[in-house]
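Reader: I would like a close look at a single part of this protein, taken slowly. Please choose one helix, explain how it is described, and then show what surrounds it.

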Amino acid sequence: MGATMCCITKSSERKSLDGKLGKKIAEIRRNKFGQSRLKTVDSIVMLFPMFHERLKTLRGMFEQFDEDSNGSIEPNELKGFLDHLELHLPEQEIENLFHYCDIDGSKGIQFNEFIVLLCLIHLLTEPLSYDTSPKAELAKLGEVFNTIVEVFLFFDKNGDGKLNQKDMIRTLNETNPRERSPARITKDRFREMDWDKNGQVTFREFLFGFINWVGIDVDE
Ligand SMILES: [Ca+2]
Ligand SMILES: [Ca+2]
Ligand SMILES: [Ca+2]
């Protein structure tokens with residue numbers, strides 16, 4: 001018995017995962033609208049130590065499933081991980097998931113891409129019974145991933161599910177002068193997160209750059 005992830009990778013198109021994720025994020029935006037605790041850039045910077053600590057604890061999980069210890073999770077290792085979570089997916093869906101998370105195309109999922117993978121699983125799987133231990137593990141992390149979504153939504157001023165230059169400038173201008181140049185939240189940081197350099201930071205790119213942003217090295 002495992003959670004169904006049927007809804008996550010039904011289409012063979014990788015793009016459909018982006019679509020599903022976008023939909024889910026829009027749904028969270030609707031439900032949370034106006035209730036976010038995050039009102040200022042400062043309130044986000046204050047979360048960094050928590051993110052740093054919580055995400056670092058995932059390192060152990062990552063190493064456990066990187067069976068050959070080469071620093072990345074290959075397709076067979078991903079399968080082992082999904083089995084552990086009792087997510088039984090058809091080959092094709094595992095392949096789609098793998099390619100979606102292997103953002104740099106290295107044919108392996110490194111630690112920063114593992115964060116993308118976990119967040120994806122968290123957001124797109126049914127919140128079924130979190131009674132078995134592997135899922136309880138993931139449920140504990142749910143709060144962290146929900147908060148990451150909140151941070152993303154804070155920056156996504158126009159609500160189109162992507163961060164662009166305009167969103168960034170607006171965010172930085174809205175904050176009070178004292179906060180105007182916090183060390184880690186700058187336009188440059190967002191340019192860095194724009195992996196494919198198309199001027200927009202998707203949620204996937206945001207996650208991909210996230211550990212670096214909060215100060216964890218991929219190889220740490
Ligand atoms: Ca490996
Ligand atoms: Ca990779
Ligand atoms: Ca981009």
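Author: The expected span of a helix is 1.5 Å times one less than its number of residues. That rule can be tried on helix α7, residues 111-124, in this predicted model. Helix α7 has 14 residues, so at 1.5 Å a residue it should span 20 Å. The C-alpha atoms at its ends are 20 Å apart, which agrees with the expected value.

Before going further into α7, it helps to place the helix in the whole chain. The protein has eleven helices and two strands. In sequence order the pattern is α-α-α-α-α-α-α-α-β-α-α-β-α. Of its 220 residues, 30% count as buried. Among contacts between residues at least 6 apart in sequence, 68% join residues at least 24 apart.

Is α7 mostly covered or mostly open? Helix α7 is mostly covered, with twelve of its 14 residues buried. The buried residues are F111, N112, E113, F114, I115, V116, L117, L118, C119, L120, I121 and L123.

Which residues does α7 meet in helix α4? Helix α4 covers residues 58-65, and it packs against α7 at an angle of about 100 degrees, with the two axes 11 Å apart. Angles of 65 to 115 degrees count as roughly perpendicular, and α4 and α7 are therefore roughly perpendicular to each other. On the α4 side the contact is made by L58, R59 and F62, and on the α7 side by F111, F114 and L118. The residues of this contact divide into five nonpolar, no polar and one charged.

Another neighbour of α7 comes from helix α8, residues 133-155, where F145 lies. F145 touches C119, H122 and L123, leaving aside residues up to four places away in sequence. Two of the residues named here, C119 and L123, are also on the list of buried residues of α7. The C-alpha atoms of F145 and I115 are separated by 9.2 Å, although the two residues are 30 residues apart along the chain. A residue needs 20 or more other C-beta atoms within 10 Å to count as buried. F145 has 20 such neighbours, so F145 counts as buried.

The UniProt record also has something to say about this part. In an unreviewed entry, the annotation "domain: EF-hand" covers residues 53-88, 89-124, 143-178 and 181-216. For residues 89-124, the end C-alpha atoms lie 13 Å apart, and the span is 69% helix and 0% strand. For residues 53-88, the end C-alpha atoms lie 30 Å apart, and the span is 61% helix and 0% strand.

Two residues in loops deserve a remark on their backbone. Most residues other than glycine have a negative phi. S69 is not a glycine, yet it has a positive phi of about 50 degrees. S69 sits in the loop between α4 and α5. With 7 other C-beta atoms within 10 Å, S69 is exposed. E86 is not a glycine either, and its phi is positive at about 60 degrees. E86 lies in the loop between α5 and α6. Having 13 C-beta neighbours inside 10 Å, E86 counts as partly exposed.

Helix α11, residues 203-213, can be set beside α7. Helix α11 is mostly covered, with nine of its eleven residues buried. These are F203, R204, E205, F206, L207, F208, G209, F210 and I211. F203 has 24 C-beta neighbours inside 10 Å, so it counts as buried. Leaving aside residues up to four places away in sequence, F203 touches L21, I25, F152 and G161. The C-alpha atoms of F203 and V149 are separated by 8.3 Å, with their places 54 residues apart along the chain. Just after α11, G215 takes a positive phi of about 95 degrees.

One more buried residue is M168, in helix α9, residues 165-174. M168 has 20 C-beta neighbours inside 10 Å. Its contacts, not counting residues up to four places away in sequence, are with L163, K187 and F190. M168 and F190 are 22 residues apart in sequence and 7.9 Å apart in space, C-alpha to C-alpha.

To return to α7: the helix is mostly covered, it lies roughly perpendicular to α4, and F145 of α8 touches C119, H122 and L123.

Conventions:
Residues numbered from 1 in each chain as written. Chains lettered and ligands numbered in written order. Predicted model: local features only at pLDDT ≥ 70, side-chain atom pairs only at ≥ 80, totals over all residues. Helix = DSSP H or I, 4+ residues; strand = E, 2+ residues; numbered from the N terminus. Contact = placed C-beta atoms within 7 Å. Axes fitted to C-alpha atoms, helices over the stretch in contact; angles between N-to-C directions. Parallel < 35°, antiparallel > 145°, perpendicular 65-115°, else oblique. Nonpolar A, V, L, I, M, F, W, Y, C, P; charged D, E, K, R; others polar. UniProt positions renumbered as here; feature names shortened; annotations may be inferred.
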